[in-house]
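Before reading on, take a moment to look over the chain and the molecule bound to it. The paragraphs below begin with the domains and the ligand and then turn to two of the sheets.

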Amino acid sequence: MKRNRVDIAVVGAGIVGMAQATLLAVRHPQLRIAVLEAATEQPAAPEDHYDPRVVALTRASQQLLEEVGAWDHIVAARACPYTDMRVWDAEGTGSVSFSCRDVHQPNLGHIVENTVVSAALRAQLDTLPNVSLIAGFRLDTWWRDCGHWHLQSRPAQESVAEDLNQQGEIVETRLLIGADGARSRVRDLLRIRCKDTDYDQVALVCVARSAESHRHTAWQCFLRSGPLAFLPLSGLGDEHHCAVVWSADRELARELLMLDDTAFALNLEKAFEGRLGAIESVGERFSFPLRGRHAEAYFGPGAVLVGDAAHTIHPLAGQGVNLGLQDVRILGEEIQRALKRGLEPFDESVLARYQRRRRGDNEATLRAMSAFKSLFGAGELHWRWLRNTGLSMVDASPLLKKRIILRAMAA
Ligand SMILES: Cc1cc2nc3c(=O)[nH]c(=O)nc-3n(C[C@H](O)[C@H](O)[C@H](O)COP(=O)(O)OP(=O)(O)OC[C@H]3O[C@@H](n4cnc5c(N)ncnc54)[C@H](O)[C@@H]3O)c2cc1C
């Protein structure tokens, strides 16, 4: 059995885990870091078509990706800056539009395919001598002695053939960072409970081609059955492709999934009120059940949670990865501060400060998303009046809009 001793082990090579490992490795060349990833292969960005899973990266996320050296890779691959955002209520007259011109910025953010971000982080991670990615390592069991975590990728009773990581490697570390997504094994092993909200919705994602250009605008329409977003894509020819995220009640989602492409495109065009003209074609559809989760604590002894392992939120404001990257930034700051003061990164006070700085903010965002979802899902007249009046009031107040934009860009 091979043993690998490192200073920090990050479990999960999603966007958040790789960003965390890269940030720590760039800032602290003396630290040895391992990233343990269950999958054996990293998804690569397709060259001739768009990946339907995208993220709307804010300025704050861009800055972090610049610091770790991944942003240039992202721009060189493909990223679509969006300059405007339109939000409206399908059941009323309320609407609001935001523009980067209101805050004198070149854009409000970028829409980037998940695989493009992952590939960029991976390329950067591979250039750093003090970090290594161990693929095929599905964390399953662990034990701790004298402050050291011993991480194992397979239970003792399973045969070696079932083990993805054939060598049965044990990784030993003093700080464990759980970036292993919504169904985090690290969170379970730490026995951290989660507040769980079933949104009773499924997100349907696909790429659609519209007759008209997307005009570098992110579009979001609130339907009674859930929000429908069209997020602009560019980099493969014209500007007529959008990533569609349609969050719908389960029953409707099931019906939409069963339609053939032509019928689905017609339904999509109708729900979107034809704002970009006819929907000429749609790509393969994928579906994700939507749940909100929030870990009751973000750390245990020598271990800490970041990204979806700590919180998952409704995609209606496209904030999941952005919140995760803010976790990465704050944990990075706390570790840097600790090292400057001669403290160990796994010291309880370091992890507690990270939790204090992140959990309240994330809780507020989770609550806001739940409130939005309820408000826009309500059919009663008074709720419809309230949301339409609210949208129109925001639209009529340049100062309020400016504040909202600046806050969203910093998230
Ligand atoms: C439909 C939809 C649309 C979305 N749109 C947006 C958007 O526009 N903007 C935005 O910011 N966010 C969006 N999100 C949310 C965003 O995708 C997630 O917040 C983000 O992917 C979480 O990243 P992560 O790295 O924390 O977790 P993940 O991406 O889940 O990565 C976790 C990694 O850990 C690995 N892993 C799991 N278990 C183990 C184990 N035991 N051992 C080793 N490795 C393990 C997994 O293989 C995976 O690679 C959306 C989500 C959905 C469902």
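The domain bounds used here come from an automatic or database domain assignment, and the model itself is a predicted one. With those bounds, domain 1 covers 3-45 + 118-195 + 292-371, while domain 2 covers 54-116 + 200-290 + 385-410. Where does the ligand lie with respect to the two domains? Because domain 1 and domain 2 both give residues to the shell around the ligand, it lies between them.

That shell can be described in several ways. The ligand is surrounded by 31 residues, and the closest of them are Glu37, Arg53, Asp308, Gly318 and Val321. Sorted by class, the shell is made up of 17 nonpolar, eight polar and six charged residues. Two helices, α1 (15-27) and α8 (320-340), and three strands, β3 (33-37), β4 and β14 (194-210), each contribute at least two residues to the shell.

Some of the contacts with the ligand are made by the protein backbone. A nitrogen atom of the ligand lies 3.1 Å from a backbone N or O atom of Ala38. On the oxygen side, a polar backbone atom of Gly320 is 3.2 Å from an oxygen atom of the ligand, and a backbone N or O atom of Asn322 lies 3.3 Å from an oxygen atom of the ligand. Taken alone, the ligand would expose 1000 Å², and the protein buries 83% of that area.

Two of the strands that supply shell residues, β3 and β4, also lead into the sheets. Strands of a sheet pair through backbone hydrogen bonds, in either a parallel or an antiparallel sense. Strand β3 belongs to an open sheet of six strands, which has mixed pairing and follows the order β9-β3-β2-β13-β21-β20. At its edges stand β9 (131-135) and β20 (299-300), each of which pairs on one side only. Within this sheet, β3 and strand β2 (residues 8-11) are parallel and are joined over four bridges, with Val11 standing opposite Leu36 of β3.

Strand β4, in turn, belongs to an open sheet of three strands, which is antiparallel and has the order β4-β8-β5. Both β4 (54-57) and β5 (80-82) stand at the edges with a single partner strand each, so one side of each is left without a neighbour in the sheet. From one strand to the next, the twist averages 25°. Strand β4 is joined by four bridges to β8 (residues 109-113), to which it runs antiparallel, and in this pairing the bridge partner of Val54 is Glu113 in β8.

Conventions. Residues are numbered from 1 along each chain as its sequence is written. This is a predicted model: local features need pLDDT of at least 70, side-chain atom pairs count only at pLDDT 80 or more; totals for chains, interfaces and linings use all residues. Side-chain values use heavy atoms; hydrogens and water are left out. Two strands pair if DSSP finds at least two bridges between them. Axes are lines fitted to C-alpha atoms, for helices over the stretch in contact, and angles run from 0 to 180 degrees between N-to-C directions. A residue is near a molecule or strand if one of its heavy atoms lies within 4 Å of it. A polar contact is a pair of N or O atoms within 3.5 Å; within protein, one must be able to donate a hydrogen and the other to accept it, and residues adjacent in sequence count only if both atoms are side-chain atoms. Accessible areas come from the Shrake-Rupley method with a 1.4 Å probe; for residues, only the protein chains shown count as cover. Ala, Val, Leu, Ile, Met, Phe, Trp, Tyr, Cys and Pro count as nonpolar, Asp, Glu, Lys and Arg as charged, and the others, Gly among them, as polar.
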